[in-house]
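Colleague: Got a minute to walk me through this model? I'd like to ask about it piece by piece.

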Amino acid sequence: MADDSFQEKTEAPTPKKRSKARSEGQVAVSKEAGAVFILFFALGVFYFAGVKMLLDLDIFIRFMLENLAPDELNIERLTNLLLHTIKQILSILIPLFVAVIIAAIVGNIAQFGFLFTFKPLAPKMSKLNPISGMKKFVSLKSLVEVVKSILKVGIIGGVSYVMVKKEIPAFPALIHMGVIDILAYIGITSFKICIYTCLVLIILAALDYAYQKWEFEKKLKMSKQEIKEETKQTQGDPLVKSRIRKAQMEMALRRMMQDVPKADVVITNPTHLAIALKYDIKIMAAPKVVAKGAGIVAERIREIAMENNVPIVEEKPLAQVLYKAVEIGESIPADLYKAVAEVLAYVYRLKGKKKL
């Protein structure tokens with residue numbers, strides 16, 4: 001039971017996990033949001049270019065009816081008609097195609113930013129697994145898709161019903177209208193239905209995107225063991241790193257202890273701290289800390305100092321300041337010159353050396 005709970009995916013995904021998922025094309029994306037973008041862009045094309053498209057279509061139909069006389073058809077004429085048909089259809093539909101493509105790109109970028117990868121198209125053997133396929137039919141995602149489909153049908157049907165019901169009183173007047181006017185009336189009414197449908201679908205798209213985001217975050221979650229394994233891969237095994245740090249500290253401590261016999265004095269406070277100072281007037285601008293430590297390290301510094309006849313001077317305030325302010329290998333700051341000079345002068349007198 002402990003192992004099972006340990007493997008539960010309860011931890012937030014790491015940046016590496018997110019980056020890997022994105023590189024594989026795994027992002028939170030709502031198809032409903034993309035569809036709304038496409039529908040809005042397409043409606044924009046019809047609003048601004050619909051009349052021109054209709055006129056071009058009218059000209060094309062008239063041209064075809066005038067040039068399809070059976071007694072005048074031959075291979076060359078049919079070829080020309082086919083090429084003309086393709087050209088006219090493309091000229092009518094290209095604005096719509098371009099708008100749809102732009103809408104699809106903008107809709108995706110708006111959801112997850114710019115991403116270009118072919119990995120989602122790569123074949124996967126897991127997709128051929130019938131058991132995995134059956135699971136999709138009974139999953140929460142399938143249920144959500146069914147609910148979304150029902151909502152879309154209900155929204156489109158409801159909006160259409162309300163709009164058509166509102167226009168019913170105007171139907172009898174259509175009898176006295178010409179064909180062009182009737183077509184214009186149908187176009188305007190259909191456009192209104194599409195606009196109101198889009199406005200309602202925006203709410204559905206927002207809810208769907210929130211759900212897709214939640215499901216994506218849930219899918220990316222990691223177990224504690226996965227995080228540990230990733231940490232080992234990226235930063236190394238913590239146990240190994242701890243051993244390396246310990247070995248490095250031991251080597252640094254040994255090097256530091258080797259410099260204690262060369263020191264001129266060891267300043268203590270008196271038992272907790274120990275700072276070893278060395279000063280060579282010929283090569284140093286100021287006294288330098290060659291070793292320092294607290295607790296057991298301080299005790300070891302004092303032992304080495306006594307074994308090598310290095311003077312030990314008890315100066316509590318000076319020892320505390322030196323321990324906090326000066327690192328090993330650094331020279332003492334100028335504001336401590338006087339205090340350290342007094343200590344060194346005392347030591348030199350004991351050793352019979354020249355006073356500072």
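What follows is a chat about the fold, the salt bridges, the surface and the cores.

Colleague: Before the details, how many helices and strands does the protein have?

Modeller: Keep in mind that this is a predicted model. The chain runs to 356 residues, and 27% of them count as buried. As for secondary structure, the protein has twelve helices and four strands.

Colleague: Among contacts between residues at least 6 apart in sequence, what share joins residues at least 24 apart?

Modeller: Leave out the pairs that sit under that 6-residue separation, and look at what remains. Of those contacts, the share joining residues at least 24 apart is 74%.

Colleague: And what part of the accessible surface belongs to carbon and sulfur atoms?

Modeller: The accessible surface of the protein adds up to about 24400 Å². The part that belongs to carbon and sulfur atoms is 66%.

Colleague: On to charges: how many salt bridges turn up in the whole structure?

Modeller: Side chains of opposite charge can pair when their charged atoms come close. A bridge counts here when the nitrogen and oxygen are within 4 Å. Searching the whole structure on that basis gives nine.

Colleague: How far apart in sequence are the parts that E32 and K148 tie together?

Modeller: The side chains of E32 and K148 meet in a salt bridge at 3.6 Å, N to O. E32 belongs to helix α3 (residues 31-66) and K148 to helix α6 (residues 140-167), so the bridge ties together parts whose separation in sequence is 116 residues.

Colleague: Are E32 and K148 buried or exposed, and which residues make up their salt-bridge network?

Modeller: Both E32 and K148 are buried. Their bridge is also part of a wider network. The linked residues are E32, K148, K152 and D208.

Colleague: In the E327 and K292 pair, which residue is buried?

Modeller: These two side chains form a salt bridge at 3.8 Å, N to O. The pair links distant parts of the chain, 35 residues apart, with E327 in the loop between α11 (316-325) and α12 (337-351) and K292 in strand β3 (residues 288-294). E327 has 44% relative accessibility, so it counts as partly exposed. At 11% the other partner falls under the 20% cut-off, so the buried one is K292.

Colleague: Which helix holds both R300 and E303?

Modeller: Their side chains meet in a salt bridge at 3.2 Å, N to O. R300 is partly exposed at 37% relative accessible area, and E303 is partly exposed too, at 31%. They sit three residues apart, about one turn, in helix α10 (residues 296-307).

Colleague: Which helix gives the most to the nonpolar surface patch?

Modeller: The patch is formed by F41, L82, I86, L90, I94, F97, V98, I102 and V106, with about 740 Å² of accessible area together. One of its members, I102, has 40% relative accessibility and so counts as partly exposed. I102 is found in helix α4. With eight residues, the top contributor is helix α4 (residues 75-112).

Colleague: Which residues does K192 touch, setting aside those up to four places away in sequence?

Modeller: K192 is in helix α7 (residues 179-220) and is partly exposed, with a relative accessible area of 37%. Its C-alpha is 7.9 Å from that of M163, although the two are 29 residues apart along the chain. The residues touched are M163 and E167.

Colleague: Which residues of α12 are buried?

Modeller: α12 has 15 residues and spans 20 Å from first C-alpha to last, close to the 21 Å expected. Cover for its buried residues includes β1 (265-268), β2 (273-278), β4 (312-314) and α11. The buried residues are V340, V343, L344, A345, V347 and Y348.

Colleague: Last one: which element gives the most to the largest nonpolar core?

Modeller: That core has 21 residues, and V265, I267, L277 and L322 touch the most other members. The elements giving two or more residues are β1, β2, α11 and α12. With five residues, the biggest giver is α12.

How values were computed: Residues are numbered from 1 along each chain as its sequence is written. This is a predicted model: local features need pLDDT of at least 70, side-chain atom pairs count only at pLDDT 80 or more; totals for chains, interfaces and linings use all residues. Side-chain values use heavy atoms; hydrogens and water are left out. Buried means under 20% relative accessible area, exposed over 50%, partly exposed in between (1.4 Å probe, protein chains only). Patches are made of residues with over 30% relative accessible area and no salt bridge: like charges are joined within 9 Å, nonpolar side chains (Val, Leu, Ile, Met, Phe, Trp, Tyr) within 5 Å. Accessible areas come from the Shrake-Rupley method with a 1.4 Å probe; for residues, only the protein chains shown count as cover. The expected span of a helix is 1.5 Å times one less than its number of residues. Contact means heavy atoms within 4.5 Å. A nonpolar core is a set of buried Ala, Val, Leu, Ile, Met, Phe, Trp, Tyr and Cys residues joined through side-chain atoms within 4.5 Å.
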